[in-house]
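Here's a quick briefing to read alongside the model. Keep the sequence and the 3D view open as you go.

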Amino acid sequence: MELKDLIKPENLVYDKSKVQRDVYMHYCPGCSHGVVHKILSELIEELDIQDKTIGIAPVGCAVFAYNYIDVDWQEAAHGRAPAVATGVARLNPEKFVFTYQGDGDLASIGSAEIMHACNRGENILVIFINNGIYGMTGGQMAPTTLEGMVTSTTPSGRNTDLNGYPMKITNLIAELPGTSYVTRQAVHTAAAVRKCKRSVKKAIQNVLDKKGTSFVEVVSTCNSGWKMTPDGANKWMAENMLPYYPLGDLKDSIKGEPISEN
Amino acid sequence: MAKVIGAVVVDKEGCKGCNLCVEACPHDVLNLNKEVNSRGYHYSYMENPENCIGCANCGVVCPDTCITIYRMKI
């Protein structure tokens, strides 16, 4: 069989989402941001919520997310995306509002905003990209940097006496009564991407059903900041990041309900 | 058992040659081209098209969404 006989619209099984704009992304080759953008675009198309979705862009590499996903966006000051999302969601209760933040944005400068937005149980989805460093500014140490991990500001590795311990912010957020669905996923393999997509879909559905804040952490790579190849960074992440940040659901309930023991 | 064949179409200019699709492919269909696209990246292409089963793993992991996949039974 010739390839031209196979490449026909009726045989199409996988294509770019219509919600994703037809431009080249500025991300480095192999960056996890692209995969998460793709998951969001596909789900916005699948759930048919393109005209009611409002994204809050962070400061970080994903600052240009508004160029790639064709929904309404609002840019927020560094770390303040949950505060902006609170205002947007309260004024537009019929809209689906999500924030898209990195670990420097969410876990460091924006830690107060995220804690209180989650504690209030705002009806927003928070996508948290955890790659263990400040990617955009040149790979400096972030709160989530692993112990002993070499970054440009910790050239001999993170020293816990000096710099403290890597912060499991998702576990802290799971303890807050305002959250409904808190999960940690990754996008380093095809199976993980499909699982992450299912989790984000559930999180979006929870927000649409007004169950409270949904929080999806995506353990990601930053191969440029880590000074690795894209596939090498994925392997390094699976070996080093995932034991400290284990994947799975941390909480699955409705806001205000007692936290189950599991 | 019906045989399934697939085809991968890579948007050559969109590809950044990150090699993730090559790693994700269970049947060694894809590889990076020795030639580069206009942006200087070694873009991905079907090296062994006869092995493709259209599982879409390469498309799912592609961060730049430059892979389209076709599949049919024969």
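Two residues are in contact here if their C-beta atoms, placed from the backbone, lie within 7 Å. By that rule, the contact takes 27 residues from chain A and 28 residues from chain B. Bear in mind that this is a predicted model: local features need pLDDT of at least 70, side-chain atom pairs count only at pLDDT 80 or more, and totals for chains, interfaces and linings use all residues. Residues are numbered from 1 along each chain as its sequence is written, while chains are lettered from A and ligands numbered from 1 in the order in which they are written.

**Chain A overall**
- Chain A has 10 helices and 10 strands; these are DSSP runs (helices are H or I, at least four residues; strands are E, at least two), numbered from the N terminus.
- The C-alpha trace of chain A spans about 65 × 45 × 35 Å along its principal axes.
- A compact globule of 262 residues would have a radius of gyration near 18 Å, and chain A agrees, with 18 Å. That radius is taken over C-alpha atoms, and the globule rule is 2.2 Å times the number of residues to the power 0.38.

**Where chain A touches chain B**
- Helix 1 (3–6), strand 1 (12–14), helix 2, helix 8 and helix 10 (230–244) of chain A each give two or more residues to this side.
- Helix 2 of chain A gives the most, with four residues.
- By class, the side of chain A that touches chain B has 16 nonpolar, six polar and five charged residues. Here Ala, Val, Leu, Ile, Met, Phe, Trp, Tyr, Cys and Pro count as nonpolar, Asp, Glu, Lys and Arg as charged, and the others, Gly among them, as polar.

**A sheet shared by both chains**
- An open sheet of three strands runs in the order 1(A)-4(B)-1(B), with antiparallel pairing; two strands pair if DSSP finds at least two bridges between them.
- Its edges are strand 1 of chain A and strand 1 (4–10) of chain B, each pairing on one side only.
- Strand 1 of chain A is joined to strand 4 (residues 67–73) of chain B by two bridges, and Tyr14(A) stands opposite Ile69(B).
- Within chain B, strands 1 and 4 pair over seven bridges, with Gly6(B) opposite Arg71(B).

**The sheet in chain A**
- Seven strands of chain A form an open sheet with mixed pairing, in the order 3-2-4-5-9-8-10.
- Strand 3 (72–75) and strand 10 (248–252) of chain A are the edge strands.
- Four bridges hook strand 8 (residues 179–186) of chain A to strand 10 of chain A, antiparallel; Thr183(A) has Asp249(A) as its bridge partner.

**Helix 2 against helix 8 in chain A**
- Helix 2 (residues 32–46) and helix 8 (residues 190–208) of chain A pack at about 50 degrees, with their axes 10 Å apart. Axes are lines fitted to C-alpha atoms, for helices over the stretch in contact, and angles run from 0 to 180 degrees between N-to-C directions.
- Helix 2 and helix 8 of chain A are therefore oblique to each other (under 35 degrees counts as roughly parallel, over 145 as roughly antiparallel, 65 to 115 as roughly perpendicular and the rest as oblique).
- Val35(A) and Leu43(A) are among the helix 2 residues here, and the helix 8 residues they meet include Cys196(A) and Ile204(A).
- The residues of this contact divide into eight nonpolar, no polar and three charged.
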